[in-house]
Amino acid sequence: MRVMKKADSKIGFYFFQGFILLLICLVVRGAFLGSERVSGFFDGISAVFFPAILVLVIGGGFIFYRYLRMGPGGVVGLVGGVLIVCGFVWGLPVGHKFRQRHSGGHEIMEGRMVVYEGAAESRVQTSEGRMCLPFEVRLNDFRVEYYEPDLPGGERKVKDYLSDIEILQDGESVLRRMLEVNKPIHFGGFHFYQDGYDASAGEYVVLKVVSDAGLGGMYLGFLLLCAGAVWCFWFSGLLKEGGIGNGN
Amino acid sequence: MVIKYSVQGFLIYLAMVFYLLGFLVSMLKFRRFAILAGTAGFVAAFGSAVYRWTDAGHVPLGNLFEVFIFLGMVVWPIYFLCERVFGIKILAGDYLVGAMILFPAGFVFSGEPLHLPPVLQSWLFIPHVGMYMGGYVLLAKAGYYVFGRFFEFQGYTKSDLANDERACYKLACLGFPFLSFGLVLGSIWARDAWGRCWGWDPKEMWSLATWLVYMGYFHFRYGTGGRFPGWNYVWLVFGFVFVLITLLWANLSSLFAGLHSYA
């Protein structure tokens with residue numbers, strides 16, 4: 001067990017204890033505020049400002065205070081955490097605006113499209129107006145599956161929503177898949193989700209289109225964070241510090 | 001409070017009786033009998049979970065009733081393995097925890113079978129909830145460990161406290177990665193279901209706060225080198241309270257209506 005000796009480590013220790021406590025307070029405050037108000041808060045410049053502070057403080061701490069590094073597992077976990085924060089910000093409206101500026105304004109971040117059964121569609125309604133995907137989405141079929149009612153004549157609960165989706169590029173079919181809840185279709189940098197349907201006549205479905213920007217970084221971050229946690233706490237923590245056969 | 005006059009209810013009550021018996025026998029220092037009673041409690045809780053699975057037709061983790069049956073089932077093997085593998089003692093309190101976990105399933109929540117809504121039908125369902133449950137069981141034990149030991153014998157010394165603190169640290173080390181996996185798997189599932197990894201939902205926020213509390217604990221313990229076992233323990237009790245809030249309050253209180261309200 002390492003014991004802090006240097007005075008600078010002491011300052012760092014108090015600083016980071018305070019920082020973690022502050023983060024806990026902010027997150028708890030966020031839980032009371034509700035998801036809409038908190039996500040609204042992250043629409044503007046604060047979406048870059050606060051994550052940047054977070055990354056700078058933690059990253060700076062690792063550079064300046066040796067004791068914070070907690071071995072290679074800790075570093076792997078930290079890199080994972082930074083990647084998650086960066087990927088998250090890249091996927092936010094702020095990241096989107098940055099990409100818009102560099103791509104000439106053709107980037108779709110999130111939007112909805114209405115696709116009629118048997119028809120192909122590429123227009124997406126976004127908060128910035130109507131935009132077009134570089135390919136078409138065709139709905140071959142849509143159906144709702146129900147559970148058997150508990151009692152004869154009782155209410156039937158929905159089991160699944162299924163859309164038979166085909167992606168067309170230059171008029172040619174390049175992908176055909178069943179779109180289900182929890183199983184979005186991924187194509188051309190976008191995820192497609194079912195967002196609604198024509199309940200009266202069953203003629204169309206509403207698809208939610210979400211850009212996958214930043215997702216690769218986040219997933220890599222997830223992997224590193226988990227690897228770091230296992231390394232730091234199961235291997236280093238349990239096996240070396242006070243674990244099996246240590247006699248502690 | 002509702003008493004369940006069904007096979008499901010009978011199995012839950014049987015498990016509770018065995019766990020309570022284990023607690024009493026453990027307090028009287030009959031360790032072997034206590035372990036037998038704990039095993040019997042586990043078998044009854046396991047039977048209850050299997051019964052629920054066949055009855056409802058899905059893995060019994062879909063609402064709080066099912067989650068508590070599941071917790072009542074996993075609590076015993078986890079604590080048993082902790083002792084065998086890591087030398088973290090089984091306490092009388094562990095049996096009591098088993099009975100207390102099953103109490104809401106037995107008397108509070110409705111046991112009516114439910115059809116799983118489409119959003120809960122995912123391969124991530126079992127790993128996400130299972131990881132959290134495993135983590136919570138371990139971290140909860142870290143939270144009450146010292147109290148449990150304190151009531152078990154008189155003349156509790158400073159060195160006992162230091163030894164117990166080390167056992168608590170091992171429990172936290174074991175449980176914390178499970179919290180991380182649960183958080184990450186939840187994010188991946190949220191992306192698949194709702195189109196974003198993080199939605200600032202109250203349950204998500206509380207689980208992140210819990211994760212941060214344990215980060216705070218590890219940071220404190222690492223920074224002070226284990227010189228303040230009492231303060232380390234304060235962090236763990238703090239974490240225990242957050243686990244309870246995340247597991248229960250975030251679901252039951254109307255203050256935190258959100259996307260995780262399946263109970």
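Biologist: In what pattern do the elements of chain A follow one another along the sequence?

Modeller: This is a predicted model, and in it chain A holds six helices and eight strands. Read along the sequence, these elements follow the pattern α-α-α-α-α-β-β-β-β-β-β-β-β-α.

Biologist: Into which domains is chain A divided, and how many ångströms separate their centres?

Modeller: Chain A is divided into domain 1, made of 7-98 + 214-241, and domain 2, made of 108-148 + 156-211. Taken over C-alpha atoms, the centres of domain 1 of chain A and domain 2 of chain A are separated by 35 Å.

Biologist: Where in chain A is the confidence of an element lowest, and where is it highest?

Modeller: Chain A averages a pLDDT of 84, and 90% of its residues score at least 70. Over residues 242-248 of chain A, however, pLDDT stays under 50, and the model has 11 contacts beyond four places in sequence for them. In chain A, confidence is lowest in helix 5 (residues 93-103), at a mean of 80, and highest, at 94, in strand 6 (residues 185-187).

Biologist: Which elements make up chain B, and why does its radius of gyration agree with that of a compact globule?

Modeller: Chain B has eight helices and zero strands, and from the N terminus on its elements run α-α-α-α-α-α-α-α. Along its principal axes, the C-alpha trace of chain B spans about 55 × 40 × 30 Å. Because a compact globule with 263 residues would have a radius of gyration near 18 Å, there is agreement with the value for chain B, which is 19 Å.

Biologist: What percentage of the residues is buried in chain A, and what percentage in chain B?

Modeller: A residue is called buried here if 20 or more other C-beta atoms lie within 10 Å of its own. By that count, buried residues make up 29% of the 248 residues in chain A, and for the 263 residues in chain B the share is 54%.

Biologist: Which element gives the largest share of the side of chain A that touches chain B?

Modeller: In the contact between the chains, 49 residues of chain A meet 43 residues of chain B. The elements of chain A that give two or more residues to this side include helix 2 (35-41), strand 4 (158-169) and helix 6 (215-241). The residues of the side of chain A that touches chain B divide into 33 nonpolar, 11 polar and five charged. The largest share of that side, 11 residues, comes from helix 1 of chain A.

Definitions and conventions. Residues are numbered from 1 along each chain as its sequence is written. Chains are lettered from A and ligands numbered from 1 in the order in which they are written. This is a predicted model: local features need pLDDT of at least 70, side-chain atom pairs count only at pLDDT 80 or more; totals for chains, interfaces and linings use all residues. Helices (H or I, at least four residues) and strands (E, at least two) are DSSP runs, numbered from the N terminus. The radius of gyration is taken over C-alpha atoms; the globule rule is 2.2 Å times the number of residues to the power 0.38. A residue is buried if 20 or more other C-beta atoms lie within 10 Å of its own, exposed if 12 or fewer, and partly exposed in between; C-beta atoms are placed from the backbone. Two residues are in contact if their C-beta atoms, placed from the backbone, lie within 7 Å. Ala, Val, Leu, Ile, Met, Phe, Trp, Tyr, Cys and Pro count as nonpolar, Asp, Glu, Lys and Arg as charged, and the others, Gly among them, as polar. Domain bounds come from an automatic or database domain assignment. pLDDT is the predictor's confidence in each residue, from 0 to 100.
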